[in-house]
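I am opening a notebook on this structure. My entries follow what I looked up, one topic at a time.

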Amino acid sequence: MIAAPLAWFCLGCSALMAGASLWLDRRQARAVRAGRGHVPAAFAETVSPEQHEKATSYALARLRLGGVERVAGLLATGFALLIGFDLASFLAGLVLPPGIGRSLLVFAILFLAQTAIGLPFLVWRTFGLEQRFGFNRTGPARLARDVLLRLLLTAAIGGPLLAGLLLLMRHMRGPWWVLAWIALVAITLAGPAVYLRLVAPLFNRFRPLRASVADPVRALLDRTGFRVGALLEMDASRRSSRGNAFVTGWGRAKRIVLFDTLIEAHPPAELEAVVAHELGHVHHRHVLFGLFRGVLVLFGLCAAVGWLSVRPWLQPAFGIDHPDPALGLVLAMLLAGLVSPMLGVAGNALSRRHEFQADAFARRMVGARPMIDALVRLARDNAATIVPDRLYSLVHHTHPPVLLRVAALQRAV
Ligand SMILES: [Zn+2]
């Protein structure tokens, strides 16, 4: 354990990142408290002082939970690095002889442990936080079913994939990870269609979009020259009162999905604006561009993991006494993942630019007013923080602060 330089290095990096996160959380809490008591002018008509106060308390409660989660995550990482990884491999070795089966068991033990650690926080978030602020609509039975179903799906999909990866690692000479990369790219491409047809229906019901909304949306599609495969609504209301919408799939098989919660909370003109915003992402090829970026990042990740995972020094440098190819993969991913905060911040910056572009597209298609109204109402209904800390927002948010989005739309009027 003492002679495990890479374990200590990773733990040090994790501690630094957790420290930085907690510092950002404090900045954000200060910004949220500073905004307490006065609603920005653009929101004053829609957001009442009580609703603003609720958003303030909600943001602070979320930061508190997030802080506890970060500290727990750091402790779990420390345990995994210094004891857990090796212990998982040792336990698997008690049950199975060396081979693919044993490696899969190592993965299973680590994944179950991770799920178990996250479970109290999921329960706290759902029945403590979200419940208290009136967002939660799920019960313990449904939550338990969701967690179990996700575990089963992960085993059913992830198991064979990992087995294939381990087989490649063992039997292929040369850069086996190139094949892994190709497989991952194929999964990324097929993902949306498979997800919406096979996975999502296990959790939610989808039906054709109700006519009162579908008609204006179809008119919008005709006007903008988009072709989509289907307009759907999803019964998100069985879990949460939060509204959302998304476009998924490629080419003409694209599907537009609106949450029922969104439909019930917004008048048709605003729904049209929300759909126009989503079409803006398609129009500006954000999805395609994101896919291209994802494929490149995946290549770098596969190359790094492919090279690192089979280095003979890797597992000893983590103090592993019971080496296994599964641990090679996990530890290589951990090392390669150290760059992910940087990638995340860069990705967020790009994503925020894209949001402004999609808003501008919606403004050109349906006008600024309905888009502004939709954003303000969404911010109110989701108890969003209207004026976050700049640095916190740069690191954590994929969307620009709603105040800036509204300001950009107003400027263009
Ligand atoms: Zn967007």
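**Entry 1: the cavity.** First I fixed a term: a cavity is a set of grid points where a 1.4 Å probe fits but cannot get out, and its lining residues have an atom within 4 Å of a point. I also noted that I am working with a predicted model.

I searched the whole structure and found one cavity of 30 Å³ or more. About 60 Å³ of space lies in this largest cavity. I asked which residues line the largest cavity. They are Val47, Gln51, His52, Ala55, Ala379, Arg380, Ala383, Ala384 and Ile386. Two elements give two or more residues each to that lining: helix 3 (49–95) and helix 14 (368–381). Helix 3 supplies the largest share, three residues. I sorted the lining by class and got six nonpolar, two polar and one charged residues.

**Entry 2: His52.** I picked one lining residue to follow. His52 sits in helix 3. Is His52 buried or exposed? The cut-off for buried is under 20% relative accessible area. His52 has 9%, so it is buried. I then listed its contacts, leaving out residues up to four places away in sequence. His52 touches Gly35, Arg36, Gly37, His38, Val39, Pro40, Val47 and Ile386. Val47 and Ile386 also appear in the cavity lining.

**Entry 3: helix 14.** Next I took the other element from the lining. What span should the 14 residues of helix 14 have? At 1.5 Å a residue I expect 20 Å, and the end C-alpha atoms are 20 Å apart, so the two agree. I looked for buried residues in helix 14 and found Ala368, Pro370, Met371, Ile372, Ala374, Leu375, Val376 and Ala379. Their cover includes helix 2 (41–44), helix 9, helix 13 and helix 16 (402–412). Just after helix 14, Ala383 takes a positive phi of about 50 degrees. Ala383 is also one of the cavity's lining residues.

**Entry 4: helix 10.** I moved on to residues 286–309. This helix has 24 residues and reaches 33 Å from its first C-alpha to its last, close to the 34 Å expected. Its buried residues are His286, Leu291, Val295, Leu298, Cys302, Val305, Gly306, Leu308 and Ser309. I noted a rule here: an α-helix has 3.6 residues a turn, so residues three or four places apart point the same way. The buried residues of helix 10 pack against several helices, among them helix 5 (140–171), helix 6 (176–203) and helix 13 (340–366).

**Entry 5: Phe9.** I went back towards the start of the chain. Phe9 lies in helix 1 (residues 5–34). With 44% relative accessibility, Phe9 counts as partly exposed. Beyond its neighbours within four places in sequence, Phe9 is in contact with Leu335 and Leu338. I also checked Phe9 against Leu331: the two are 322 residues apart along the chain, yet their C-alpha atoms are separated by 12 Å.

**Entry 6: the record.** Last, I read the unreviewed UniProt entry. It places "transmembrane region" at several spans, including 6–24, 71–92 and 287–308. In the model, residues 6–24 are 100% helix, with end C-alpha atoms 27 Å apart. Residues 71–92 are 100% helix too, with ends 28 Å apart. The entry lists "domain: CAAX prenyl protease 1 N-terminal" at residues 28–205. I find that span 85% helix and 0% strand. It also lists "domain: Peptidase M48" at residues 217–411. That span is 66% helix and 7% strand, and its end C-alpha atoms lie 26 Å apart.

Methods: Residues are numbered from 1 along each chain as its sequence is written. This is a predicted model: local features need pLDDT of at least 70, side-chain atom pairs count only at pLDDT 80 or more; totals for chains, interfaces and linings use all residues. Side-chain values use heavy atoms; hydrogens and water are left out. On a 1 Å grid over the protein atoms alone, a cavity is a set of points where a 1.4 Å probe fits but cannot get out, and a pocket is an open set with protein on both sides within 12 Å along at least five of seven lines; lining residues have an atom within 4 Å of a point. Grid points are joined across faces, edges and corners, and a volume is the space filled by probe spheres set on the points. Helices (H or I, at least four residues) and strands (E, at least two) are DSSP runs, numbered from the N terminus. Ala, Val, Leu, Ile, Met, Phe, Trp, Tyr, Cys and Pro count as nonpolar, Asp, Glu, Lys and Arg as charged, and the others, Gly among them, as polar. UniProt positions are given in the numbering used here, feature names are shortened, and annotations may be inferred rather than shown by experiment. The expected span of a helix is 1.5 Å times one less than its number of residues. Buried means under 20% relative accessible area, exposed over 50%, partly exposed in between (1.4 Å probe, protein chains only). Contact means heavy atoms within 4.5 Å.
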